[in-house]
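Here's a quick briefing to read with the coordinates open. It goes chain by chain, then turns to the places where parts touch.

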Amino acid sequence: MVQQAGGRRWYGGAWARPALALAVCALLPGAASAQQLTVAAYPAVDKIVEAAIPAWKKLHPNVGIKVVSRQFVDHHTAMTTALSTRFYLPDVMALEVGYVGRFAQGGGLEDLRKPPFDIGSVQAQFVPYAVAQATSRTGAIVAVPADIGPGTLLVRTDVLAKAGVSESELTKSWEGYVASGVKIKRTTGAYLMAHARDIKNILIRIGIQPGEGLYFGKDGEVLVTSPRFVRAFELAREVRRNKLDAKVSEWSNEWSEGFKRGTLATQLTGAWLAGHLNNWLAPDTRGKWRALQLPEGAFAAYGGTFFAIARGAPAANKALAWEFIKLLTLDRELQLQAFKSQDAFPALLSTYGDPFFEQPIAFLGGQAARVQWREATRHTVAVSVHKQDAFALEVIDTELDKVLDQGKDIRTALADAARLLAKRAQR
Amino acid sequence: MRRGCWPSAPSAERKATTVKLPAFLRLSPEVTPYVLMSPFVVLFFVFGMFPLLFSLYLAFQTWEPTSGLSAMRFVGLDNFAFALEDEWFWKSLKNTAWLAVASGVPQHLVAIPLAVFIHTSFKRMRNAVVGAYFLPYITSTVAIAIMFSSLFSTDYGVVNTALHALFGGENIDWLGKPENIKPAIAMIVFWRYVGFNVVLYLAALQTIPKDLYEAATMDGAGRLQQFFYITLPSLKPMIFFGVTLSIIGGLQLFEEPFILTGGRGGSDQSGMTTAIYLYRMAFDFNDFGAASAMSWLLFFLVVLLTWLTNRAFKPRNGGG
Amino acid sequence: MNSDRRAPLAAYVIVGIGSLIMLAPFYFMFVFATQSRTEIFSLPPPNWFGNDFCDNLKILTERIPFWRNLGWSLYVAVANTALTLLFCSMGGYAFGCFEFRFKNGFFAFVMATMLLPSFMNMIPTFMIMDVLGWIDQPRALYIPGAASAFGIFLMRQFVTTSIPKDLIEAARMDGCSELGIYWRIVLPLLKPALGTLGLITFIASWNNFIGPLIVMRSPENYTLPLALRSLQSPVDTEWGALMTGSAIATIPLLVLFALSSRQLISGLTAGAVK
């Protein structure tokens, strides 16, 4: 806090100090005379950005970085608001993968292929599917990937051993995965997964044709009655019929308790969950886990962070903002540092040769799982995004619940979903 | 309520200052209301009108917000037509109605007798008891979200433990099953606002003159009779006020279902009130035009219901 | 009311149990504030206080400028409450005791604004704040709220039920100026209502996060709800610190309530001398 001599003389109220502090801060050198970049982010991306500031200072000692961090949803709401009016846009905007698609369609973000950004020259340095995730329908690349979330299957080795299920049995095919689940339930009583929805979420991603989105096709036609949805629903129903899912939602007390007690045998998730399990969700289960590739050679992405520049951001700062983004995403050291401290799996290909990947992970019983996850990034394919994807997800989840809880027929459920989606596909 | 003729007795609170205002500041009774209203009116027009008009304008446009203001396109009544044909909109209205009634009615049914009871039977402990009931209103949504997910947890939540101890039977899956989400939300809303209504009714009870009750007792009226013939009628304006607030609040229910269902509305959208659906339309599905149109449809509905309440409860003194 | 006939014991017991139920979540909030997040997320959730309070506090103050945000919350809430009480009591008095043009129409209009969900106003409010140059400034939080529809509604109700017209007439005949009538006669009579509205306004301002979300651009200027929410990450929230922050954030409200309930009671002596 700043000293203010004589401040109390004027107001003598509780608001004297903050008001004066604000006034003085506005006049402090560094805020007005030198340039400053504003970076809007959310936890834990804010830590990653802050960690990059020393490196930035070496390159541009006169340019300060101000990090404005908000809660995850609040941040994206604030960004939506700012983009809608083009006021007070940050110089650099962090976006999570779920929102990048939406914002990309909107046209409020700079197309980074254009000068002075010219992402084309560095594009090849990133994991291809991550760049594809930030590409709009018209081919504009609106954001740069900073970290990605390769999908993985985390399994409890002790539970598997007790049930006599081998890893290959578990992952050979999705039907085999479910069958192993039956065995696990019978012998150990543990559930195969947290919720039947999890298997549906992966299975609808298998068999997507190029150019197709998850729920909608290239021209907005509704795809939810296609075979991949039917298979997803059928297997989810199978899981529920055999009582293989614990019916708990992620990030609930029951879910984390399931990990602690070993009543959840596997979890389909992003690689980063291993770090959280180790740190605070279930630290006592260290060593009892292993990471496997998803069954049947499937690959999926769970999360990812991108940095973008808004069209309406202050023009004078755009060149510098681009420099900062390049630093965050192309600097090998910073990417590895974020990986080591925040479990942010790098999107930068040149980091992939680092020995850190071969290091054993204690939580996973000494497995060098990062190698496997690195391999997964090579095979993951980006899925085209449609404006109504968030709505479609809800509708499908609702229909799935009806199939699972009320025994609704799968084909009818999907047809109902298609009907709802068709009405909105063109909005 | 017009009182009898009361002389202007000097009350203890009268300020000792007898500074006379300069002539130009002495207002005539005709001008006074305008002067008194002016700060409110100014603020209202600046901060209340523009959003209102903006929202009205937006209801006739289609707009994806991240494209910027210039991306609005006029579509006439298309948004309204869409809303009226939308299954989810009607579902949200049904949810909202159910929740408004299920959480609103018990609030008042409990708050009135409770306020009367506290008013008459607690002298020293009054603040503590009122405080206990009012505390939920103070709690922030962040804290409520975490606590209630924990309390309503299926296997170990306190709610299920208590129910199990009292009634036995299976543990209820509050947050997972559609049919249970609504009662859970109603319970939270009740928990949060019953104390608020108790405070309102207590404030109103304090304005009822004691002599009315003394006279009634001398006439031989019992407690229950006094409650129905003195207390309730005197509380009518406050009941009107409180019920109107509950209706408005109930129809706009947003926070409690939002935090309990993580912003989604829960399984089968059973916890999705219209306000939540509006929010999702605007910020999740990025369809601001439809969201505005729906908010105006909701508005008309609330106006209608408020008007009906007004008719039912109209204070017979003719208002102000 | 006859205070010599006590209510049945059962009534006291029921009310007592009710109070405990009301308090239970609160109790858990304070319990969770002293636990680490591993324990909060376990089953059964902790029932008794832990010893992680200091750790949580440390994490809290490291991540966000907690005390500064607390200061801002206080400043904004006090200013908002003062302005709201002033403007709404003036307005309510005008509605309750005077006739003027467009009176009913305007009142209906004001009530109408209460009926639109507040988050729909986010973007237009943002635009207004930008035009006024109030972005990132606390006045954007406490000034607009002073035109509270709820406040003027409550004040009008109280004015029509508690202010005898004859009293005002008599004061006029005594030579009291109009503003003097407002300040010296009406306001003291409105004390219970002012106490209630003041308390409710303070709480609403304290817990409001949508307003600051729209307007504040710097974490140092956040108010508490926004600051505490910014601790929430999609996957890595420090729940213990968050609960600690929420628990501390509740304390000023508790203090205020304890103080104002006495005011509400003492206000009755002014209002009940009838």
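What follows is a tour of the chains, their contacts and the confidence values.

Keep in mind that this is a predicted model. Chain A mixes helices with strands, 18 of the former and eight of the latter, while chain C comes out with 14 helices and zero strands. Between chains B and C, the contact involves 86 residues of chain B and 91 residues of chain C.

**Chain A: overall build**

- Chain A has 18 helices and eight strands to keep track of.
- Its 427 residues would give a radius of gyration near 22 Å as a compact globule, and chain A has 24 Å, so the value agrees with that expectation.
- Along the principal axes, the C-alpha atoms of chain A fill a box of roughly 75 × 50 × 50 Å.
- Half of the chain is tucked away, if you like: 50% of the 427 residues in chain A are buried.
- Take the contacts in chain A between residues at least 6 apart in sequence, and 74% of them join residues at least 24 apart.

**Chain A: two domains**

- The domain assignment splits chain A into domain 1 (34-149 + 303-358) and domain 2 (150-301 + 362-424), with each domain written as two segments.
- Going by C-alpha atoms, the centres of domain 1 and domain 2 of chain A are 29 Å apart.
- Where these domains of chain A meet, 17 residues of domain 1 are in contact with 18 residues of domain 2.
- On the domain 1 side, the elements giving two or more residues are α5 (97-106), α6 (128-133), β4 (143-156) and β7 (301-308) of chain A.
- Helix α5(A) gives the most to that side, with four residues.
- By class, the domain 1 side that touches domain 2 in chain A has eight nonpolar, six polar and three charged residues.

**Chain A: where to trust the model**

- The mean pLDDT of chain A is 87, with 92% of its residues at 70 or more.
- Among the elements of chain A, strand β3 (residues 92-96) has the highest mean pLDDT, at 95, and helix α1 (residues 7-10) has the lowest, at 36.
- Over residues 1-13 of chain A the pLDDT is below 50, and this stretch has 13 contacts in the model beyond near neighbours in sequence.
- Residues 25-33 of chain A also have pLDDT below 50, with five contacts beyond near neighbours in sequence.
- Where pLDDT is low, the predicted coordinates should not be read in detail.

**Chain B**

- Chain B has 12 helices and two strands, and its pattern along the sequence is α-β-β-α-α-α-α-α-α-α-α-α-α-α.
- What radius of gyration does chain B have, against the value near 20 Å for a compact globule of 320 residues? Chain B has 25 Å.
- The C-alpha trace of chain B spans about 65 × 65 × 35 Å along its principal axes.
- Buried residues account for 45% of the 320 residues in chain B.
- Of the contacts in chain B between residues at least 6 apart in sequence, 70% join residues at least 24 apart.

**Chain C**

- With 14 helices and zero strands, chain C reads along the sequence as α-α-α-α-α-α-α-α-α-α-α-α-α-α.
- Its C-alpha atoms fill a box of roughly 70 × 65 × 30 Å, taken along the principal axes of chain C.
- Of the 274 residues of chain C, 55% count as buried.
- Among contacts in chain C with a separation of 6 or more, 76% involve residues 24 or more positions apart.

**Chain B against chain C**

- This contact takes in 86 residues of chain B and 91 residues of chain C.
- Helix α1 (residues 32-58) of chain B provides the largest share of the chain B side, 17 residues.
- The chain B side that touches chain C has 57 nonpolar, 22 polar and seven charged residues.

**Chain C against chain A**

- Here 31 residues of chain C are in contact with 29 residues of chain A.
- On the chain C side, two or more residues come from each of α2 (37-40), α4 (66-97), α6 (122-132) and α12 (210-215) of chain C.
- Helix α4(C) gives the most to this side, with six residues.
- The chain C residues that touch chain A divide into 19 nonpolar, seven polar and five charged.

How values were computed: Residues are numbered from 1 along each chain as its sequence is written. Chains are lettered from A and ligands numbered from 1 in the order in which they are written. This is a predicted model: local features need pLDDT of at least 70, side-chain atom pairs count only at pLDDT 80 or more; totals for chains, interfaces and linings use all residues. Two residues are in contact if their C-beta atoms, placed from the backbone, lie within 7 Å. Ala, Val, Leu, Ile, Met, Phe, Trp, Tyr, Cys and Pro count as nonpolar, Asp, Glu, Lys and Arg as charged, and the others, Gly among them, as polar. The radius of gyration is taken over C-alpha atoms; the globule rule is 2.2 Å times the number of residues to the power 0.38. A residue is buried if 20 or more other C-beta atoms lie within 10 Å of its own, exposed if 12 or fewer, and partly exposed in between; C-beta atoms are placed from the backbone. Domain bounds come from an automatic or database domain assignment. pLDDT is the predictor's confidence in each residue, from 0 to 100.
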